[in-house]
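Trainee: Hi, do you have a minute to go through this model with me? I'd like to get the fold straight before anything else.

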Amino acid sequence: VICTPVHITDHLLQPVTRFLRQPCDACPHVYPDPTAQEAAARFWHTAGLPDQGVVAFHPGSGGAYKLWPLLGWQQVMAWAAQRRIPGLIISGPAEQAHDAHVSHPAHFPSWPRAQNLPLSHLAALLARCQVMIGHDSGITHLAAAVGTTTLALFGPTDPRVWGPRSHRACVLCPDPPGPLTL
């Protein structure tokens, strides 16, 4: 038996597709509400972020086995900082238990940090970013769903099943999928 991977979105939509009047592209779209947009604007202003060109980095994930090595994040962020690319570092409660390095300021540039924000506020913040780089995580999917250009770093999970669905998302993974290494 040959098993073709089915994206999780398609799998979950199968029971309801006969009730849909129009075909859907299965790309989720999230539209932040005005309250969340105002909160993001306040954060943006307080952090001193420019109007354009901000790259969000999410070096964590709820699954420790999905993480790119810390050295890789340090190198990418150092490269961006040397070129004066404005950055934003994002972390959430899912990775706090095993990702102490995510919140350790000595490892990363002194960019603003968005930590443990409500999802609606985080969505509005991500919508203001030009690019988001992250692992196979809910935050990466959220960035893609708000329309931010997204680079998703995949390793042991199959992006054909779990990858973010967006015309502005790109997945980088080893072939065949396996642990993320430098």
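**The sheet and what surrounds it**

Mentor: Sure! The chain has an open sheet of six strands, paired in parallel and ordered β3-β2-β1-β4-β5-β6. Keep in mind that this is a predicted model.

Trainee: Which are the edge strands?

Mentor: Those are β3 and β6, the latter spanning residues 169-172, and each of them pairs on one side only.

Trainee: And by how many degrees are neighbouring strands turned against each other?

Mentor: On average by 20 degrees, with direction ignored.

Trainee: How many bridges join β5 to β6?

Mentor: Four bridges join them, and the two strands run parallel, with β5 covering residues 149-153. As one example, Thr 150 has Ala 169 in β6 as its bridge partner.

Trainee: Okay, what about helices? How many are there in the chain?

Mentor: The chain has six helices, along with six strands. Going along the sequence, the pattern reads α-α-β-α-β-β-α-β-α-β-α-β.

Trainee: Where does helix α5 lie?

Mentor: Helix α5, residues 138-145, lies across β1, β2, β4, β5 and β6, and it runs at about 155 degrees to β4, which is residues 131-135.

Trainee: Switching topic: how many aromatic pairs does the count come to?

Mentor: Three aromatic pairs. Phe 57 and Trp 73 make an edge-to-face pair, because their planes are at 85 degrees, with the ring centres 6.5 Å apart.

Trainee: Which parts of the chain does that pair link?

Mentor: Distant ones: Phe 57 is in strand β1 (residues 55-58) and Trp 73 is in helix α3 (residues 70-82), 16 residues apart. Both Phe 57 and Trp 73 are buried.

Trainee: What about Phe 57 and Trp 111: what kind of aromatic pair do they form?

Mentor: A stacked one, with 5.1 Å from centre to centre and 10 degrees between the planes. Trp 111 sits in the loop between β2 (87-91) and β3 (113-115) while Phe 57 is in β1, so this pair ties together parts that are 54 residues apart in sequence. Trp 111 is buried, as is Phe 57.

Trainee: Which residues do the ring pairs link into a cluster?

Mentor: Phe 57, Trp 68, Trp 73 and Trp 111.

Trainee: Last one, zooming out: what share of the chain counts as buried?

Mentor: 41% of its 182 residues. As for contacts with a separation of 6 or more, 60% involve residues 24 or more positions apart. The chain exposes about 10,300 Å², and carbon and sulfur atoms supply 59% of that area.

Technical notes. Residues numbered from 1 in each chain as written. Predicted model: local features only at pLDDT ≥ 70, side-chain atom pairs only at ≥ 80, totals over all residues. Heavy atoms only, no water. Phe/Tyr/Trp six-rings, centres within 6.5 Å; stacked < 30°, edge-to-face > 60°. Buried < 20%, exposed > 50% of the residue type's maximum accessible area, 1.4 Å probe, protein only. Contact = heavy atoms within 4.5 Å. Areas by Shrake-Rupley, 256 points an atom, 1.4 Å probe, with all protein chains shown as cover. Pairing = 2+ DSSP bridges. Axes fitted to C-alpha atoms, helices over the stretch in contact; angles between N-to-C directions.
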